[in-house]
Amino acid sequence: QEHFNENYLESDLYPNSTFLGKVVKRSGNQAFVEGYLKIHGRSNKINVEGLMEQDLNTINISGIFTIKLKDYNIKIPKIVMYKIAEEIDVKIDISLDKIK
């Protein structure tokens with residue numbers, strides 16, 4: 001993972017990834033989120049389904065989704081293209097605490 005981050009995500013040039021979006025639908029603890037994911041300096045609209053649990057002081061959100069490297073202008077040299085997947089899974093596990 002460190003090799004991938006340094007050489008292909010170019011984490012020295014693009015140290016942060018961001019997501020800006022909102023929950024568009026919720027059914028029980030299942031949440032449907034829509035927004036823009038920015039990786040490697042490139043932003044794309046995504047729709048993600050995940051789990052959302054809420055109590056009085058905390059909201060927990062978790063999920064897994066797949067992105068295509070080419071959608072974020074991440075180039076893999078041909079010499080290693082069979083060793084690195086063209087799509088990667090992104091796992092999120094977020095805990096939001098109520099501001100006191």
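Let's start with D89. In this predicted model, D89 counts as exposed, because its relative accessibility is 57% and the cut-off for exposed is over 50%. You can find D89 in strand β5.

Now, which residues form a negative surface patch together with D89? They are D71, E86 and E87. So have a look at those four on the structure: D71, E86, E87 and D89 make up the patch.

Let's stay in strand β5, which covers residues 87-97, and move along to K91. Is K91 buried or exposed? K91 is exposed, because its relative accessible area is 68%, and that is over the 50% cut-off. And what does K91 touch, once we leave aside its neighbours within four places in sequence? The answer is G63 and I64. There is also F65 to look at: F65 and K91 are 26 residues apart along the chain, and their C-alpha atoms are separated by 6.7 Å. If you are new to this, try picking out F65 and K91 in the sequence, and then find the pair in the 3D view.

Next, salt bridges. How many are there? The count comes to 1. The partners are K45 and E34, and their closest N and O atoms are 3.8 Å apart. K45 sits in strand β3, residues 42-54, while E34 sits in strand β2, residues 30-39, so this pair ties together parts that are 11 residues apart in sequence. As for E34, a relative accessible area of 30% makes E34 partly exposed, because partly exposed is the range between under 20% and over 50%.

Let's step back to the whole chain. The secondary structure comes to 1 helix and 5 strands. In what order do these elements run from the N terminus on? The order is α-β-β-β-β-β, with the helix leading and the strands following.

A few totals to finish. The protein has 100 residues, and 23% of them count as buried. The accessible surface comes to about 7900 Å², and carbon and sulfur atoms account for 51% of that surface. Then the contacts: take those in the protein with a separation of 6 or more, and 45% of them are between residues 24 or more positions apart.

So here is the picture to take with you, in short. Strand β5 holds D89 and K91; D89 belongs to the negative patch, while K91 is in contact with G63 and I64. Elsewhere, K45 in strand β3 and E34 in strand β2 form the salt bridge. Thanks for listening!

Methods
Residues are numbered from 1 along each chain as its sequence is written. This is a predicted model: local features need pLDDT of at least 70, side-chain atom pairs count only at pLDDT 80 or more; totals for chains, interfaces and linings use all residues. Side-chain values use heavy atoms; hydrogens and water are left out. Helices (H or I, at least four residues) and strands (E, at least two) are DSSP runs, numbered from the N terminus. Buried means under 20% relative accessible area, exposed over 50%, partly exposed in between (1.4 Å probe, protein chains only). Contact means heavy atoms within 4.5 Å. Patches are made of residues with over 30% relative accessible area and no salt bridge: like charges are joined within 9 Å, nonpolar side chains (Val, Leu, Ile, Met, Phe, Trp, Tyr) within 5 Å. Accessible areas come from the Shrake-Rupley method with a 1.4 Å probe; for residues, only the protein chains shown count as cover. A salt bridge is a side-chain nitrogen of Lys or Arg within 4 Å of a carboxyl oxygen of Asp or Glu. The place of a charge is taken as NZ of Lys, CZ of Arg, CG of Asp or CD of Glu.
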